[in-house]
Amino acid sequence: MRYTQPMRKGHHRAKRRDDRRPPPRERPVPPPTIPVPHRVKQPKVPSPALRPTAGHWLFTCREGFETQLYEELCWQRCGATLLGPGLVSTERAAKQPPTFARMGFPIDEVVETPQQAAQRLGTAPAKVQVWVPDTQAGNARAGECVAWESTIVSLRAELKDPATPWAAFEQGARLAQVCLVAPHTAAVGSVFAREALSLAPGGRARMKRTAEAPSRAAMKLDEALEWVGVSPGKGDRCVDLGSAPGGWTRRLLERGARVISVDTGLLAPDVASHSRVKHFHQTAFAFTPEEPCDWLFCDMAWRPVEVAQLLAKWARNRWATQLVANLKLPMKDKLPTVVRIRGTLEAGGWSNVKLRQLYHDRDEITVSAVRAG
Ligand SMILES: C[S@@+](CC[C@H](N)C(=O)[O-])C[C@H]1O[C@@H](n2cnc3c(N)ncnc32)[C@H](O)[C@@H]1O
């Protein structure tokens, strides 16, 4: 049991250790009413996966998220079918990139050999990507994937294929897609690199762990910035909400930015002592910047809709121009929260709002946006 001294009249309680706790949060502006589309009855995930159909689209996602992806595609009324773990197909193209899709392409043909795949891919220059769904069964067939790729690439040796997905992007070329959906069964098609959901095979954009920034958090930011396509540069003013222990802040410093770092926790000593960092040891809900910043970053481990409301406040007050955030979705039924996050950000004044579960995201999504007007 803990005892406290009774307070004598006229005496103020001495500062306790607890006073270092963050002040109570500002009461958030009530969220706008954001309707969630009609819910879709979830079918069972077929196992083994159903065979995809030529003429349809094939989408892939992180294993375990296929029902969320299926429902998102049902909302877009494009004739979705849940094919199996990590795989959903649609009869028509989706109008909006789904949050939970890593990659998607129209299927030209379903083939049984790499020779048939090479033939179907034709002779137009394209960066060939052979991949398996990111599932237990799919990953067990990674060896088959390597063998298919080397056969297809050797059969296309005479063609002037772009060397990398980035080269395909720059040349306006295609990414040829060969997805091994089952042993000796591949869906073959292609997308323009500039229209692809990801430039990485199957959307698995693996970031390098570096010795200076070994955290998954830093890899999440690297992938997010690659996805956004622009990054803060030298002298840019960045605010990093939920910054401790400092993986994101460190990455921003490496790019030459100045960083205001806000967290109730402590930064790693090398980050805290950096000349371009100012750490506010407090809750982000009570933080007000002294001047507007170029970039707002946020990786707060807090309730996602409340974080979205906080980010909306930053747009309303014109405190930031560009947003990159990672929002946590620990709940089982994630889609209503995803809908509320988008609606809250858009109502707050963020435009071009993009939400995506990237490769390094687990029960979380990455958000990017720019301030409207
Ligand atoms: C996933 S960690 C951030 C990791 C960080 N991006 C990095 O790269 O090191 C989540 C952080 O959110 C912080 N956090 C949670 N609620 C917060 C709040 N209300 N205000 C500020 N920080 C908060 C936690 O203290 C924790 O450090």
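Here is a short conversation about how this predicted model is put together.

Student: What should I know before I start reading the numbers?

Tutor: This is a predicted model, where local features need pLDDT of at least 70, side-chain atom pairs count only at pLDDT 80 or more, and totals for chains, interfaces and linings use all residues. Residues are numbered from 1 along each chain as its sequence is written, and side-chain values use heavy atoms, with hydrogens and water left out.

Student: Which strands stand at the edges of the seven-stranded sheet?

Tutor: Strands here are DSSP runs of E with at least two residues, helices are runs of H or I with at least four, and both are numbered from the N terminus. Two strands pair if DSSP finds at least two bridges between them. The open sheet has mixed pairing and the order β2-β3-β1-β4-β7-β6-β5. Each edge strand has a single partner, so one side of it is left without a neighbour in the sheet, and these strands are β2 (80–84) and β5 (126–131).

Student: Which residue of β3 stands opposite F59?

Tutor: Strands of a sheet pair through backbone hydrogen bonds, either parallel or antiparallel. Here β1 (residues 57–60) and β3 (residues 87–90) run antiparallel and are joined by four bridges. Opposite F59 stands V88.

Student: What angle does helix α4 make with β5?

Tutor: Axes are lines fitted to C-alpha atoms, for helices over the stretch in contact (heavy atoms within 4.5 Å). Angles run from 0 to 180 degrees between N-to-C directions. Helix α4 (residues 142–155) packs on the sheet, touching β4, β5, β6 and β7, and its direction makes with that of β5 an angle of about 160°.

Student: Is β5 enclosed or open, and how many of its residues are buried?

Tutor: Buried means under 20% relative accessible area, exposed over 50%, and partly exposed in between, using a 1.4 Å probe and protein chains only. One side of β5 carries A126, V128 and V130, the other K127, Q129 and W131, and all of these are buried. The strand is therefore largely enclosed by the rest of the structure, with a buried count of six of the six.

Student: What is the bridge partner of W131 in β6?

Tutor: The strands β5 and β6 run parallel, and six bridges join them. Within β6, the partner of W131 is C179.

Student: What kind of aromatic pair do F285 and W302 form?

Tutor: Rings of Phe, Tyr and Trp (its six-membered ring) pair if their centres lie within 6.5 Å; planes under 30 degrees apart count as stacked, over 60 as edge-to-face and the rest as tilted. F285 is buried at 6% relative accessibility, whereas W302 is partly exposed at 34%. Their centres are 6.3 Å apart with 65° between the planes, and the pair is edge-to-face.

Student: Which ring does the charged end of R174 sit over?

Tutor: A charge sits over a ring if NZ of Lys or CZ of Arg is within 6 Å of the ring centre and within 35 degrees of the ring normal. The charged end of R174 is 4.0 Å from the centre of the ring of F192.

Student: What is the span between the end C-alpha atoms of helix α6?

Tutor: The expected span is 1.5 Å times one less than the number of residues. Helix α6 (residues 216–228) has 13 residues, so the expected value agrees with the distance in the model, 18 Å.
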